[in-house]
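Please look through the sequence and the 3D structure shown here, and keep both in view while reading the explanation below.

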Amino acid sequence: MAITRRDFIKGAVATGALAPTLLNLPFVDAAPTNEWAFENHIPSVCTLCPGGCGIKVRQFKKKAIRIYGNSMHPISLGGLCPRGVAGIQTLYNPDRIRYPMTQKKGSGKWEKISWDEAIKIVSEKLAGVRSKGEPHTLVAFAGQLNGLMRSLAEKFLRVYGSPNFIDVNPTTKPDNAIYLMQGIESAPAYDIAKSSYVLSLNGDFLDNGASPVHMMKSYAEMRSRINKQRGKLVYAGPRLSITAAKADEWIPIKPGTEGALALGIAHSILKERLYAENFINSHTTGFADWVDETGKTHDGFRTVVFRDYSPIAVSDITGVPPEIIINMARELTRLKPAVVIGSDVSSFNYQSVYTRMAIHSLNALVGNIDTAGSVLIPRPFPSFPEEVELDQTAKNGLAMPSIKEDIKKKHPLCLDASNFIPQRCLGGIPYKPSIILLFETNPVYDNIYAGEYKQLLSETDFVVSFSSFLDETTQYADIVLPNHTYLERWGDSQNFTNGGVPVLGLQQPVVTPFYDTRHTGDVLLEIGQNLGESFRKIFPDISFKKLLMDKFKKVFESSKGNVFGVKYEAAWTQLLERSGWKAYSHTSFDDFWQSVLQRGGWWDPIYYYGEWNRVFKTDSRKFEFTPLILGRTLSSQGTKDTELQNLPHFEPLPSQSSEVEYPLMLNIYTPLVFNQAIDSNVPWLQDISGSYINSGWNTWVEVNPETAERLKIHNGDRVVVESPKGKISATAKVFNGVMPNVVSLPFGMGRRANGRWQRGIGDNPLEILDKAIDQLTGETIWNSTRVKIYKI
Ligand code: SF4
């Protein structure tokens, strides 16, 4: 049954029920079509990290002069981080690439060419490789692509016939613990706004990660509850991060021991029988000992935790006193609802699969899954599957193995193949790329195999970059087809809220592009036009904007959710959808599109609790303390069967160097202003990068006062930080916010390219990292490197 908002309001006004609400209707900005106005406020989306915050840009006499938060956007609710505000300096950046360019590879002598020439060169190269029957040798490295742009790039590769669309350092990876224990292959949502107790085990969710502004807004909501209990945040980790500083308690623990701490807390919960018995009985397996089909008895979670993780044993591992561990267990079970959060999978706070499992076990133990204020599995977007008719060349190409094909044989839980691709390709395994496309990614700066990426790009016949800046990776391209900045182009951003509901933000141009740049989506569509009839059928001669409108049209036709609105509108949508009625208040797509332009996007603000088949997709359709899939994967690999291999447990970080020669643990972190930064050649951000420690415009190293005294290092000394891999220099900052015998280095400086406010400033800590890899996941173990420091 369809009912429009007008029908609803008509009826409600007749009874007088809505009169007070209508009087409070907010002022909604005009759509950005007011040609005669001096001033407009245009909604869009910040794409400087994957967070997807809603922005508004104040435009005065057609110039963008300020960026601020869109209060209607459900992710950022009117807030922005410093990077979002400083985005204006990306738009007006003097070091942007202004037109298409080519160079003799590696020469650094770039020459301007026209768009016609550039598109012709790229189209001919692509057509040439295809006509040789080698479409599979096209490789695309993609970083921060989201929404339609991501689907378009993926589709381009598919229609061309390449299985090689590769995420390099994907920023929103799923969490292996959620995958193994719940069978879910996407990231979870942490509903901290409704939590009464949040326990972060080295999870810097307010500093960096997928969406720091959204987390900050949820945290603020949790803290400022009126007439209800104010939520509590406890943080355990080796460094006083922003998240730790905002917590009620910071509990310093030895690096890499969070898994042991989680299991110590579990021990106390079990001992005092504080666990959620009903949830354990109804929705979990592997808690108690169990018998397999051969009759063999296996230890369950409870047995292992009781046996190995008493608070005293865990105190020895972590350095946390036993009474604090016991107290954490009591609080976690007393303050409900609660949630336990580990590190973001894309951060430098590496946590092994078993550590992540140990942390997530706590959520199950106290029943913190799929209830308000706990761990949620985001509802999916409406999906619009599309059939494409591929030609024989594409079919042949797609039948070839991908360049990451058998990585999972060695690293069965690998989510991110970026550590292996260059070495494999250089060795011709399974073949060498002939053309590489680079989309918003910079592995020559932010991957520990930067040298190998350099070599791969240098040796590949033809490399195309779509970057807006001459960053470290673009230096190795043959041709650059510069994209508009995010404030000059159309796009969309698919995200979900901490409440687990889908959000689709609209990115719209807030100014006319300044330079001779082009939307990468339009460029791909135009190149597609040059690649033959089969391509033209799938890539019609239309603009990216038109494709984007088609996507929003499908969302409109799905009759789900609504455009962003004020709280009462979201409540109205929820009320109608829950009653099984169509919630839309727009009678046509044009009407809907105008609302999206004015308000900034669409969302579906309802989360349905208790859909267990959606929340648990394991074979057992339950939460598995002993994931069956992990057991199967490890056995198929021939891994020695141990009782522990399927269970959460603690394993110390591997170390590749001597504790005597290198007595300090290295902790790398990303300051909020450099979060997921690929193009932040922005002076405002350099200026505030280390403001909390009186630093900036150079690399600093944080040293505990006790350690500094022992090493006779003073605040402000220039020091060398040396590992077996190499050395970098930094300014010593003597700081209580780092544990004794641990030193912290910020990531985000030490750029060798990219622009005047980044190039040559500071050092890159990745240059001294051990190349330690987790065998199960293939991920870099960021926090196992040992170093020494001394005065220059
Ligand atoms: S958190 Fe990310 S998306 Fe949000 S304002 Fe900051 S940089 Fe932009």
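The paragraphs that follow treat the ligand and its surroundings, then the aromatic rings, and finally a single histidine.

This is a predicted model, and a good place to begin is the ligand, which is surrounded by Cys 46, Leu 48, Cys 49, Gly 52, Cys 53, Leu 80, Cys 81, Arg 83, Gly 84, Pro 212 and Val 213. Two elements, α3 (82–85) and α8 (212–223), each give two or more residues to this shell, whose residues divide into eight nonpolar, two polar and one charged. Among the cysteines of the shell, Cys 53 is buried because its relative accessible area is 9%, under the 20% limit, and Cys 81, with 16%, is buried as well. The count of disulfides comes to zero.

Turning to the aromatic rings, a search of the whole structure finds 25 aromatic pairs. The rings of Phe 348 and Phe 747 have their centres 5.1 Å apart and their planes at 65°, so this pair is edge-to-face, and it links distant parts of the chain, 399 residues apart. Phe 348 is buried, with a relative accessible area of 11%, and Phe 747 is buried too, at 9%. Phe 552 and Trp 593 also form an edge-to-face pair, with 5.6 Å from centre to centre and 65° between the planes; Phe 552 lies in helix α23, whereas Trp 593 lies in helix α25. Both of these residues are buried, and ring pairs link them with Trp 490, Phe 556, Phe 589 and Phe 592 into a cluster.

Finally, His 283 lies in helix α11, where it counts as buried because its relative accessibility is 17%, and, leaving aside residues up to four places away in sequence, His 283 touches Trp 612, Phe 616, Lys 622 and Phe 623.

Key:
Residues numbered from 1 in each chain as written. Predicted model: local features only at pLDDT ≥ 70, side-chain atom pairs only at ≥ 80, totals over all residues. Heavy atoms only, no water. Helix = DSSP H or I, 4+ residues; strand = E, 2+ residues; numbered from the N terminus. Buried < 20%, exposed > 50% of the residue type's maximum accessible area, 1.4 Å probe, protein only. Contact = heavy atoms within 4.5 Å. Disulfide = S-S within 2.5 Å. Near = heavy atom within 4 Å. Nonpolar A, V, L, I, M, F, W, Y, C, P; charged D, E, K, R; others polar. Phe/Tyr/Trp six-rings, centres within 6.5 Å; stacked < 30°, edge-to-face > 60°.
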